[in-house]
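Good morning, everyone, and thank you for making room for me today. Please bring up the sequence and the model on your own screens, and follow along as I go from place to place.

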Amino acid sequence: MLSISQKKTKLGLLFVIALIVQLMAMPMQAMGARELSREDRTIDYIALGDSLASGINSENELANGYADFLAKRMDEAGKLKSYNKGFSMPGYTTTEVLDDILNHVVRPVYGTGYPEAEAEIQAAIADAEIITISAGANDVLAHIVINHDTGDFQADFSAIMSTLQKVKNNYKSIIENIRQLNPDARIYVMGYYNPFPSLPEELQPQLKILLTQMNNAIRNGIADTGAVFVQTGEAMAEDTKSYLPNPLNIHPSEAGYKRLTEQFWKVMSPEIVEPVIVLHDVVEHWAEPWVIDAVSAKIVSGYPGDLFKPEASITRAEYVKMLANAMQWSGEGSIKQFADREKIGSWAATAVGQAVELGVVAGYADGTFRPNAPITRAEIAIMLAKAAQISLDEVATTGFADDSDIPDWSKKYVAAVHELGVVQGKNGNKFAPNEKAKRAEAVVMVLKIIDAVKAKQQPID
């Protein structure tokens with residue numbers, strides 16, 4: 001996008017050469033980044049596009065734009081490995097973005113984490129995990145003339161319609177070329193906001209139509225490509241005096257760029273930032289890492305007040321639900337055979353039905369499932385062995401000190417999961433088969449059986 005002079009100005013004309021030279025001469029402002037050598041820093045981020053990507057502000061100065069603020073957020077999340085906005089240029093159209101890609105353009109790096117002073121665009125795209133693009137406004141603005149002294153607004157609508165079709169086609173080609181170089185890159189494309197909120201009210205309906213048509217062209221261009229369209233119009237309209245303070249310049253202030261960043265981050269952060277799990281009653285508990293992993297993976301959930309209750313017992317229905325989540329069972333199954341089926345909560349009914357269908361549970365001799373009864377350690381061993389389809393030794397001994405106390409109907413299952421390291425003995429190497437299982441140990445056993453199944457599936461070199 002480009003600035004507007006006080007006199008009658010054709011908005012398709014771009015910044016003066018001096019401004020472009022300024023962009024090429026200034027490095028990215030320091031982000032206060034932590035060291036980038038940590039192993040969990042996995043994101044290489046590049047920004048493509050126009051002056052909004054490069055960070056021209058409302059005073060025509062090169063500053064921190066939305067790309068810089070996005071990089072900062074990735075850095076604060078401990079994920080940013082490298083960042084480069086050197087391929088974004090004031091005045092760029094979709095044609096120029098596409099041409100840069102096709103022509104293997106080489107540009108100075110403006111960012112952080114790059115070993116070299118220059119980068120080639122196709123190589124940068126191939127290495128990137130995240131790519132943002134803002135382009136299309138300059139394509140359209142070339143066909144608009146505004147006189148701020150008189151409020152006169154002139155637009156070549158025929159040329160604009162033709163240009164919008166080109167914007168659509170260019171975006172399709174841009175994304176196709178990016179996908180050829182990097183099929184897995186996450187691509188976020190910025191939608192535009194009304195850059196002229198200070199123009200007379202009677203002109204706003206026309207501007208709204210133009211804005212809608214331009215954003216639709218961008219949306220249609222990236223449709224079915226996996227790229228994500230980032231809406232910015234409503235957010236920027238919330239406070240135009242703060243976000244677009246200069247009526248003679250359509251670039252945002254720092255506050256405006258931060259608002260744009262929030263719109264990007266809203267759709268990007270779920271893919272970048274892992275939610276912080278806080279469970280007060282598992283801090284320094286022996287099972288803390290297991291519990292946190294299970295909650296993060298949505299295998300099990302905690303209680304209100306950021307609690308997990310690791311030492312509480314777990315019911316049969318709760319455990320089957322946990323196991324179903326961990327094993328990612330599909331289908332529905334049926335619970336009709338259970339005499340107490342009305343006691344099985346709707347939240348667990350599908351999981352119990354799946355377990356029945358897979359032969360993991362069968363219920364009791366009286367035809368009940370007893371969903372609310374605390375599950376025992378022996379019952380857990382049986383469910384785990386059946387769920388993992390472990391081979392059984394009919395005459396196995398468990399190796400536990402209380403082997404003689406382990407019911408015959410469960411002994412081969414206990415022996416099988418013990419051999420895999422899924423269950424361990426308690427005080428004095430006792431299995432305690434009839435003891436009520438606790439939530440923490442139940443979680444650990446589920447995660448261990450998942451690890452055992454994965455190890456079993458690994459090919460032998």
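I would like to begin with histidine 104, which is partly exposed, with a relative accessible area of 43%. You will find histidine 104 in the loop between helix 4, residues 94-102, and strand 4, residues 106-108. What I would like you to notice there is the backbone, for histidine 104 has a positive phi of about 55° although it is not a glycine. Please keep in mind throughout that this is a predicted model, and that each value I quote is computed from it.

A second residue invites the same kind of look, namely glutamate 284, which also is not a glycine and yet has a positive phi, of about 65°. Glutamate 284 sits in the loop between helix 11, residues 254-272, and helix 12. Is glutamate 284 buried or exposed? At a relative accessibility of 74%, glutamate 284 counts as exposed, because the cut-off for that word is anything over 50%.

Let me now step back to the whole protein for a moment. The secondary structure comes to 17 helices and 11 strands, and of the 461 residues, 50% count as buried. The protein exposes about 21,900 Å², and carbon and sulfur atoms supply 50% of that area. If we take the contacts between residues at least 6 apart in sequence, 75% of them join residues that are at least 24 apart, and several of the places I show next give examples of residues that are separated along the chain.

From the loop that holds glutamate 284 we can walk straight into helix 12, which covers residues 288-296 and in which Val291, Ala294 and Val295 are buried. Why do these three lie on the same side of helix 12? They cover an arc of only 95° around the axis, and that is what puts them on one side. After helix 12 comes lysine 298, whose phi is positive, near 60°.

Isoleucine 299 belongs to the loop between helix 12 and helix 13, the latter being residues 316-327. With 10% relative accessibility, isoleucine 299 counts as buried, since buried means under 20%. If we set aside neighbours within four places in sequence, isoleucine 299 is in contact with Ala294, Met322, Asn325, Ala326, Val446 and Leu447. Ala294 is one of the buried residues of helix 12 that I named a moment ago, while Leu447 is 148 residues away from isoleucine 299 along the chain, with 9.3 Å between the two C-alpha atoms.

Let me turn next to two residues that lie in strands. Isoleucine 146 has its place in strand 8, residues 144-147, and is buried, with a relative accessible area of 0%. Between isoleucine 146 and phenylalanine 196 there are 50 residues in sequence and 10.0 Å in space, taken from C-alpha to C-alpha. Glutamate 118, for its part, is in strand 6, residues 118-120, and, leaving out neighbours within four places, contacts Val106, Arg107, Pro108 and Val109. The C-alpha atoms of glutamate 118 and arginine 107 are separated by 5.5 Å, with the two residues 11 apart along the chain.

My last region is the one around helix 15. In the loop between helix 14, residues 346-357, and helix 15 lies threonine 376, which is buried, with a relative accessible area of 15%. Beyond neighbours within four places, threonine 376 is in contact with Pro433, Asn434, Glu435, Lys436 and Ala437. Seen from the other side, glutamate 435, in the loop between helix 16 and helix 17, residues 439-457, touches Ile375, Thr376, Arg377 and Lys426 under the same restriction. Glutamate 435 is partly exposed, with a relative accessible area of 32%.

Two packed helices are described by the angle between their axes and the distance between the axes. Helix 15, residues 377-387, and helix 16, residues 408-419, pack at an angle of about 65°, and their axes are 8 Å apart. Their contact is made by Ala378, Ala381, Ile382, Leu384, Ala385 and Lys386 on helix 15, together with Trp409, Ser410, Tyr413, Val414 and Val417 on helix 16. Sorted by class, that contact has nine nonpolar residues, one polar and one charged. The crossing of helix 15 and helix 16 is left-handed, and with that I will stop.

Definitions and conventions:
Residues numbered from 1 in each chain as written. Predicted model: local features only at pLDDT ≥ 70, side-chain atom pairs only at ≥ 80, totals over all residues. Heavy atoms only, no water. Axes fitted to C-alpha atoms, helices over the stretch in contact; angles between N-to-C directions. Helix = DSSP H or I, 4+ residues; strand = E, 2+ residues; numbered from the N terminus. Left-handed = near helix turned anticlockwise from the far one by under 90°. Contact = heavy atoms within 4.5 Å. Nonpolar A, V, L, I, M, F, W, Y, C, P; charged D, E, K, R; others polar. Buried < 20%, exposed > 50% of the residue type's maximum accessible area, 1.4 Å probe, protein only. Arc of directions from axis to C-beta. Areas by Shrake-Rupley, 256 points an atom, 1.4 Å probe, with all protein chains shown as cover.
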